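Let's take a stroll through the empty spaces of a protein and see who lives along their walls. Have the sequence and the 3D view ready, and follow along.

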Amino acid sequence: MIHEPMPFFAFMDQALYGENGYYMTDRPRFGRSGDFYTSVQVSALYGALWGHVALMDSADQDTVSVVELGCGDGGLAAAMLPAMLLSPRLRGRKIEYAGVDLSPVALQRATLRVGTALEGLSGRETVSTVFARTPAALVESTGDRFLGAWVFGNEVLDAIPCDVVRVDRSGLWRLWVAPAKEVPPDAQPGVLAGGARRSYFLAQDRDQAWARELWTHWAPLLDEFAVDEVVGEWSVGMSQWVAGMLVDLRPRTVNFVDYGGLLRDVVGPDRPRGSVRGYRRHELVDNILDTTPDCDITYDVNFEPVQRLLGAHGLRASALQRQGAFLLGLPDVLTVLQTFEQQYPGGVRAASSLFMPGGGLGDRFVVCRAE
Ligand SMILES: C[S@@+](CC[C@H](N)C(=O)[O-])C[C@H]1O[C@@H](n2cnc3c(N)ncnc32)[C@H](O)[C@@H]1O
């Protein structure tokens with residue numbers, strides 16, 4: 001139970017990753033029996049297509065080294081690795097796969113699921129797999145094997161705790177959460193509905209580095225949109241985690257897929273309450289403050305700080321692309337689709353929401369890529 005007033009990011013951290021947190025229990029989370037679908041559960045074609053990207057990006061490597069961040073229950077790897085084994089682009093090379101996830105339950109499930117998916121496959125002996133809770137732990141257990149790897153993360157950034165902030169003409173405000181009776185009387189009402197717990201804004205000084213950075217990028221939005229305030233999410237944890245990963249793994253290619261976009265896609269007058277939301281059993285949850293850790297909490301990712309970090313670590317970030325356009329625009333994509341259709345007749349059509357615009361996953365998700 002959470003009793004103390006705490007910034008929203010600490011609340012989200014406890015709700016998702018604390019003792020009995022949403023991602024730490026053996027609850028089914030993904031797919032029909034869980035709370036939400038990611039592209040991974042929509043179709044094994046998603047893993048096959050990203051395996052294709054990994055092989056193309058690693059064409060000059062003797063071993064194809066893949067690190068998946070936030071691998072969850074291993075659904076992507078269970079589809080991607082068998083598809084890579086079938087691909088002529090593998091050319092008999094070895095594959096080294098590492099799944100990284102903060103949740104020990106997820107790692108257990110992923111180990112089992114990936115092992116089962118590879119069982120009995122021709123070429124299985126050329127694939128090695130390893131699982132770790134953090135990039136640093138991966139390096140500690142594998143030495144330099146995954147340095148310079150091809151790195152991928154589907155819907156991992158949106159699961160990293162964030163703050164909710166408001167910028168207005170008087171300054172910067174940060175969202176706090178407390179039991180209703182502990183809310184300071186002079187606090188300003190927050191953007192998340194309250195029952196037993198309430199959210200409220202407290203003024204935040206701008207001395208700290210994160211607050212200065214946020215102010216630099218967000219304050220101009222007030223005049224640009226001609227509004228008195230903007231509200232949205234800011235994740236110091238995401239930036240620290242991405243920066244740590246870049247130092248630990250020194251990846252050659254990084255791919256993040258998530259909902260979100262550039263700052264002006266995720267913060268603006270059309271989103272007066274920001275984008276934090278909760279899902280349970282495929283429904284939006286009304287009041288996430290009182291229902292955690294029984295629901296997933298997530299938000300739209302602002303990729304701009306991520307792109308700045310990638311650039312600062314010597315990687316060249318491409319412009320963000322919609323998932324559908326990115327996947328369908330891949331070189332040789334028809335060959336991948338044909339191979340998949342031969343294996344799973346009707347499978348490409350069944351996977352069409354991965355590519356569909358207009359509310360489909362093809363439009364809602366964006367690919368942030370740097371090499
Ligand atoms: C929304 S799920 C996505 C799982 C999987 N990638 C998929 O698409 O089905 C987010 C996953 O990221 C993991 N995660 C969150 N923060 C993480 C972190 N800092 N490091 C590693 N894994 C993290 C969670 O435990 C969870 O399994």
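The largest cavity in this predicted model has a volume of about 110 Å³. Searching the whole structure turns up 1 cavity of 30 Å³ or more. Its wall is made by Glu233, Trp234, Ser235, Met238, Ser239, Val266, Tyr299, Asp300, Val301, Asn302 and Pro305. Sort those lining residues by class and you get 6 nonpolar, 3 polar and 2 charged. Three elements each bring at least two residues to this lining: β10 (229–234), α8 (236–249) and β15 (301–302).

Where does that cavity sit with respect to the domains? Domain 1 and domain 2 both hand residues to its lining, so the cavity lies between them.

It helps to know how those domains run along the chain. Domain 1 is pieced together from 1–20, 163–233 and 263–301, while domain 2 takes in 31–160, 238–260 and 303–370.

Now for the pockets. The largest pocket has a volume of about 750 Å³. It's lined by 48 residues, and the ones closest to its centre are Tyr17, Gly70, Val156, Ala159 and Ile160. Quite a few elements each supply at least two residues here, including α1 (8–17), β2 (63–69), α4 (75–86) and α5 (104–118). Which element gives the most to this lining? That's α8, with 4 residues. You've met α8 already, as it also supplies at least two residues to the lining of the largest cavity. And just like before, both domains contribute to the wall, so the largest pocket lies between domain 1 and domain 2.

The second largest pocket has a volume of about 370 Å³. Of the 19 residues lining it, Tyr259, Arg277, Tyr279, Arg364 and Phe365 are the closest to its centre. The elements giving two or more residues to this wall are β11 (253–261), α9 (263–266), β12 (277–280), β14 and α15 (361–364). Each of the two domains adds at least three residues to the lining.

Here's how the two pocket linings split up by class:

| Pocket | Nonpolar | Polar | Charged |
|---|---|---|---|
| Largest pocket | 23 residues | 13 residues | 12 residues |
| Second largest pocket | 7 residues | 3 residues | 9 residues |

Since the domains keep popping up, let's look at how they meet. Their C-alpha centres lie 30 Å apart. On the domain 1 side, 19 residues are in contact with 19 residues of domain 2. The size of an interface is often given as the accessible area lost when the parts come together. Between domain 1 and domain 2, the buried area is about 1,600 Å², with carbon and sulfur atoms giving 48% of it.

How many salt bridges are there between the two domains? The count is 1. Glutamate 213 forms a salt bridge with arginine 308, and their closest N and O atoms are 3.1 Å apart.

Across the structure there are 18 salt bridges. One of them pairs the side chains of glutamate 224 and arginine 264, at 2.7 Å from N to O. This pair ties together distant parts of the chain, because of where its members sit: glutamate 224 belongs to helix α7 (residues 209–224) and arginine 264 to helix α9, 40 residues apart. Helix α9 should ring a bell, as it helps line the second largest pocket.

Notes. Residues are numbered from 1 along each chain as its sequence is written. This is a predicted model: local features need pLDDT of at least 70, side-chain atom pairs count only at pLDDT 80 or more; totals for chains, interfaces and linings use all residues. Side-chain values use heavy atoms; hydrogens and water are left out. On a 1 Å grid over the protein atoms alone, a cavity is a set of points where a 1.4 Å probe fits but cannot get out, and a pocket is an open set with protein on both sides within 12 Å along at least five of seven lines; lining residues have an atom within 4 Å of a point. Grid points are joined across faces, edges and corners, and a volume is the space filled by probe spheres set on the points. Ala, Val, Leu, Ile, Met, Phe, Trp, Tyr, Cys and Pro count as nonpolar, Asp, Glu, Lys and Arg as charged, and the others, Gly among them, as polar. Domain bounds come from an automatic or database domain assignment. Contact means heavy atoms within 4.5 Å. Buried area is the accessible area (1.4 Å probe) that two parts lose on being put together, summed over both. A salt bridge is a side-chain nitrogen of Lys or Arg within 4 Å of a carboxyl oxygen of Asp or Glu.
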